[in-house]
Amino acid sequence: MTDNPTRIAFLGAGNIAGPYAESVARHPELSLVGVFDVDAEKAAQLAASTGSVAYATLDELAADAPEIVVNLSSAPYHYATSLELIGRGLNVFSEKPLALEPGQAAELVTAAQSAGVRLACAPSIWLGRAQLAAAERVLSGAIGEVGLVKAEVNQGRIETWHPAPGSFYQVGPVVDAGVYPITYLTAVLGPIREVSALSSMSVPDRVTLGGEAFRPHANDTWVVIATFESGTALTLTCNFFVDSATQPRTITFHGASGSIALDDWFLPGAGVREAAYGSPLTVALPADAGIEADWALGVADLATAIRENRPHRNGSEHAAHVVDVLDAIRRSEAEGTRVGVTSSFPSPFSALAHLNA
């Protein structure tokens, strides 16, 4: 551990808290000091396994004054819990999405600005080695002006591995997983201005690991067509049906003079391939399976940004734009029409050189 690591606390000790804690442990600049959850037993178990404190109340967490609180509550509670933390003068890194409603996301951005605290939001996996390498090539003009992007989000059948899949099927695959490539692609290409969406139910009857039958609240298969402010088109498929082992989670940028393929938008050690127009893709960056997925990339960047007094990469305005896009996708599917998006955000690539230092 480095001298004076940034003290962080978790709000929420559910399924994702374990991977976050493991990632935090690989960052010597971070120190997990405590955990709060309304389920005291879960908080106690996570605290014991990480050598941190289990807070009995949110008041106790706030009194400990962590420099960052990582909001790992379930998606429907992100808005209320983040607003509570901001109101207590705490810097917040929220799991995705920032909120479920655009108005709520905008309120959080304003609240953080008014309180003079930092508000950042997942996903931050786009800060990984492979994701940045592909982005750098695109932004350098290596394939010319990008006209089309294709993204695949194949998350499989969550109930086959997750003990409590209900929250996933409550929000659906676009909000739960489509948010990853949407966040990455808007970071690289800028704001989305229009979306069209269709959805269907591929598996209406499902069974939990415990043998309990259930039906998804949201449709499990979605197709989205979006247009960026630059004019670039995006085709995005999101589902809780096809497993990524069968159909990889790819993103491919097609430009005027060639293409760049990110072989897995989730894994930082994924391979990157590139081709001139009319030629087959060849390896530009070999895959490295030894590079582990890092849930704490954004938390670590926020900690460094606070210390260096610079903007953090996973900005709240960007996260609020993503919420606007998610809402536009939902409205487009429900209304059967194209829906516009008007919000914007500062480019997180304005200081890309720092990320690669």
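Let's start with Trp 265: at 3% relative accessibility, this residue counts as buried. Keep in mind that we are looking at a predicted model.

What sits over the face of Trp 265? Arg 249 does, at 5.6 Å from the ring centre.

Now the aromatic pairs. A search of the whole structure turns up 11 of them. Tyr 180 and Trp 265 make one that is stacked. The centres are 5.5 Å apart, and the planes meet at 20°. That angle counts as stacked because the cut-off is under 30 degrees.

Where are the two partners? Tyr 180 is in helix 7, residues 166–189. Trp 265 is in the loop between strand 14 (258–262) and strand 15 (272–276). So this pair links distant parts of the chain, 85 residues apart. Tyr 180 is buried as well, because its relative accessibility is 9% and the limit is under 20%.

Next pair, again with helix 7. Tyr 184 and Phe 253 are edge-to-face. Centre to centre, that is 6.3 Å, with 75° between the planes. Tyr 184 belongs to helix 7, and Phe 253 to strand 13, residues 251–255. The two are 69 residues apart, and here too the pair links distant parts of the chain. Buried or exposed, for Tyr 184? Buried, at 2% relative accessibility. Phe 253 is buried too, with a relative accessible area of 0%.

Back to Tyr 180 and Trp 265 for a moment. Ring pairs join them into a cluster with Phe 10, Tyr 20, Phe 266 and Trp 295.

Trp 295 takes us to Ser 23. Ser 23 is in helix 1, residues 17–25. The side chain of Ser 23 reaches the backbone nitrogen of Trp 295 at 3.0 Å. Which residues does Ser 23 contact, leaving aside neighbours within four places in sequence? Ala 293, Asp 294, Trp 295 and Ala 296. Ser 23 has a relative accessible area of 1%, so it is buried. One more number here. Ser 23 and Val 299 are 276 residues apart in sequence, yet 10.0 Å apart in space, C-alpha to C-alpha.

On to His 321. His 321 is found in helix 9, residues 316–335. Its relative accessibility is 0%, and therefore His 321 counts as buried. What does the side chain of His 321 make a polar contact with? The side chain of Ser 343, at 2.8 Å. The contact list, not counting residues up to four places away in sequence, falls in separate stretches of numbering. His 321 touches Thr 186, Pro 191, Ile 192 and Arg 193. His 321 also touches Val 341, Ser 343, Ser 344 and Phe 345. Thr 186 is listed there, and helix 7 covers residues 166–189.

Last topic, the pocket. How big is the largest pocket? Its volume is about 1,200 Å³. The lining has 40 residues. Closest to the centre are Asn 15, Ile 16, His 162, Ser 167 and Phe 168. Which elements give two or more residues to that lining? Helix 4 (78–87) and helix 7. Helix 7 gives the most, with 5 residues.

To wrap up, helix 7 keeps coming back. It carries Tyr 180 of the stacked pair. It carries Tyr 184 of the edge-to-face pair. And it gives the most to the lining of the largest pocket.

Definitions and conventions: Residues numbered from 1 in each chain as written. Predicted model: local features only at pLDDT ≥ 70, side-chain atom pairs only at ≥ 80, totals over all residues. Heavy atoms only, no water. Helix = DSSP H or I, 4+ residues; strand = E, 2+ residues; numbered from the N terminus. Buried < 20%, exposed > 50% of the residue type's maximum accessible area, 1.4 Å probe, protein only. Polar contact = N/O pair within 3.5 Å; in protein donor to acceptor, adjacent residues only side chain to side chain. Contact = heavy atoms within 4.5 Å. Phe/Tyr/Trp six-rings, centres within 6.5 Å; stacked < 30°, edge-to-face > 60°. Lys NZ or Arg CZ within 6 Å of the ring centre and 35° of its normal. 1 Å grid on protein atoms, 1.4 Å probe; cavity = no way out; pocket = protein on both sides within 12 Å on 5 of 7 lines; lining within 4 Å. Points joined across faces, edges and corners; volume = space filled by probe spheres on them.
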